[in-house]
Amino acid sequence: MIFITVRLNKNHLDIVEAEELSRKLVLKKTVSSEVSIETRDNEKVEEIASIILSLVDIKAKFTKLAFCIDTKFAFLNVIPIDANLSEQDLNEHLLWEVSQYFPGESAHGLVVRGYRFGAGNVQRTLMVAVKKELISFLRAIADKLNLRPQIIDIDHFAVENCLRERITPIRSRYFYKDFLLAGVKRGRIDVSIFRNYEFQRYFYYVPHDDSDIRYFVIKLINDNVSSGFDKFVFYGDMLDSSIVDLISDMLGNKFSLLNPFDSRLFLDVKVSPETAHIYAPNIGLALRMLWSG
């Protein structure tokens, strides 16, 4: 089976093609293409489907497709929730919560999900809301490819699968038990906190230009360097050599540039470690497809 994973940002696509072989993955291709998705009409559906077809070889019977979208296309918030709420009551509460943030827009125009974590009578819940119009846009692209999307995810949380592959089986030497995951991307820096291997917190910064990116990276490190993390794990397309050198100077051996292909589940990978982290969201999707197969 061939896995095609597509990450959509505001101005480009990242695409990874991998082949499943004996419950492992063989990397076939990593490609990127500039394309704007400011508009999401039928013409744009045709354009993106044509780009994907020009870059990867799709055989409908032997191909699975997954998408992830940049966090800037989603509404994300962590809220406290009564741990005793049923799933139906939780969903109703989340719809009410979303309506408070978007009073002029019907919550029924959004796909809303909640992911509980933590213990106790009051749990924290990561609330994720995405416009149904965007989901329909992705499904229309898949239809043009004669495929059905197996997964539609948020890029930063897809990346977390690259970490879980390591920390779940053997409490790996690679990521330790207390770490911070940061995605440094154009217009957005996403941060997840893990304690004792478990997700604890999510927050983000919105830089307006390149100097803002440096400012927020420095702030992120200064605010957390004394918090007892074993590692600060970074990925993202705005991690140029100057930013990487800055982080390395500030963190020393606590800094890790994520290589999602450095995994027992990948065979014969030839991708530069300096650029591999850019495709971490795609690889997180591919791992989910592998696990669910």
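**View 1. Strands β9 and β10 in the predicted model.** In this predicted model, strand β9 (residues 179-185) is paired with strand β10 (residues 188-195). The pairing is antiparallel and comprises 7 bridges. Within the pair, A182 of β9 faces V191, which belongs to β10.

**View 2. The five-stranded sheet that contains β9 and β10.** Five strands make up an open sheet, ordered β11-β10-β9-β12-β13. Pairing in this sheet is mixed. At its edges are β11 (198-205) and β13 (255-257), each of which pairs on one side only. From one strand to the next, the average twist is 20°. Helix α6 (residues 241-251) lies across two of the strands, β12 (231-235) and β13. The direction of helix α6 is at about 150° to that of β13.

**View 3. Strand β1 and its two partners.** Strand β1 spans residues 2-8, and 7 of its 7 residues are buried. On one side of β1, the buried residues are I2, I4, V6 and L8. On the other side, F3, T5 and R7 are buried, so that both faces of the strand are covered. β1 pairs with strand β2 (residues 12-21) in the antiparallel sense, through 7 bridges. The connection from β1 to β2 is a hairpin of 3 residues. Across this pair, R7 is opposite D14 of β2. β1 also pairs with strand β4 (residues 63-69), here in the parallel sense and again over 7 bridges. L8 has I69 of β4 as its bridge partner.

**View 4. The enclosed cavity.** One cavity of 30 Å³ or more is found when the whole structure is searched. The volume of the largest cavity is about 50 Å³. R7 and D14, the residues that stand opposite each other in β1 and β2, both belong to the lining of this cavity. The other lining residues are D155, K185, Y235, G236, D237, I278 and P281. Sorted by class, the lining consists of 5 charged, 3 nonpolar and 1 polar residues. K185 is also part of strand β9, and Y235 is part of β12.

**View 5. The three-stranded sheet and its helices.** An open sheet of 3 strands has the order β5-β7-β6, with antiparallel pairing. β5 (74-82) and β6 (110-117) are the edge strands, each pairing on one side only. The twist from one strand to the next is 25° on average. Helix α2 (residues 87-101) packs on this sheet and touches β5, β6 and β7. The directions of α2 and β6 make an angle of about 120°. β6 and strand β7 (residues 122-131) are joined by 8 bridges and run antiparallel. One of the residues involved is V111, whose bridge partner in β7 is V130. A further helix, α3 (residues 132-144), lies across β6 and β7 and runs at about 60° to β7.

**View 6. Surroundings of L110.** L110 is a residue of strand β6. Is L110 buried or exposed? L110 counts as buried because its relative accessibility is 9%, which is under the 20% limit. Leaving aside residues up to four places away in sequence, L110 touches V98, E105, A129, V130, K131 and K132. V98 is in helix α2, A129, V130 and K131 are in β7, and K132 is in helix α3. Y176 is 66 residues from L110 in sequence, and the C-alpha atoms of the two are 37 Å apart.

**View 7. The largest pocket.** The largest pocket holds about 700 Å³ of space. Its lining comprises 22 residues. Y115, I152, D153, I154 and R288 are the lining residues nearest the centre of the pocket. Two or more lining residues come from each of β6, β7, α3, β8 (149-154) and α4 (155-170). The element that contributes the most is β8, with 6 residues. The classes represented in the lining are nonpolar, with 13 residues, charged, with 7, and polar, with 2. Of the elements listed, β6 and β7 also belong to the three-stranded sheet, and α3 lies across both strands.

Key: Residues numbered from 1 in each chain as written. Predicted model: local features only at pLDDT ≥ 70, side-chain atom pairs only at ≥ 80, totals over all residues. Heavy atoms only, no water. Pairing = 2+ DSSP bridges. Helix = DSSP H or I, 4+ residues; strand = E, 2+ residues; numbered from the N terminus. Axes fitted to C-alpha atoms, helices over the stretch in contact; angles between N-to-C directions. Contact = heavy atoms within 4.5 Å. 1 Å grid on protein atoms, 1.4 Å probe; cavity = no way out; pocket = protein on both sides within 12 Å on 5 of 7 lines; lining within 4 Å. Points joined across faces, edges and corners; volume = space filled by probe spheres on them. Nonpolar A, V, L, I, M, F, W, Y, C, P; charged D, E, K, R; others polar. Buried < 20%, exposed > 50% of the residue type's maximum accessible area, 1.4 Å probe, protein only.
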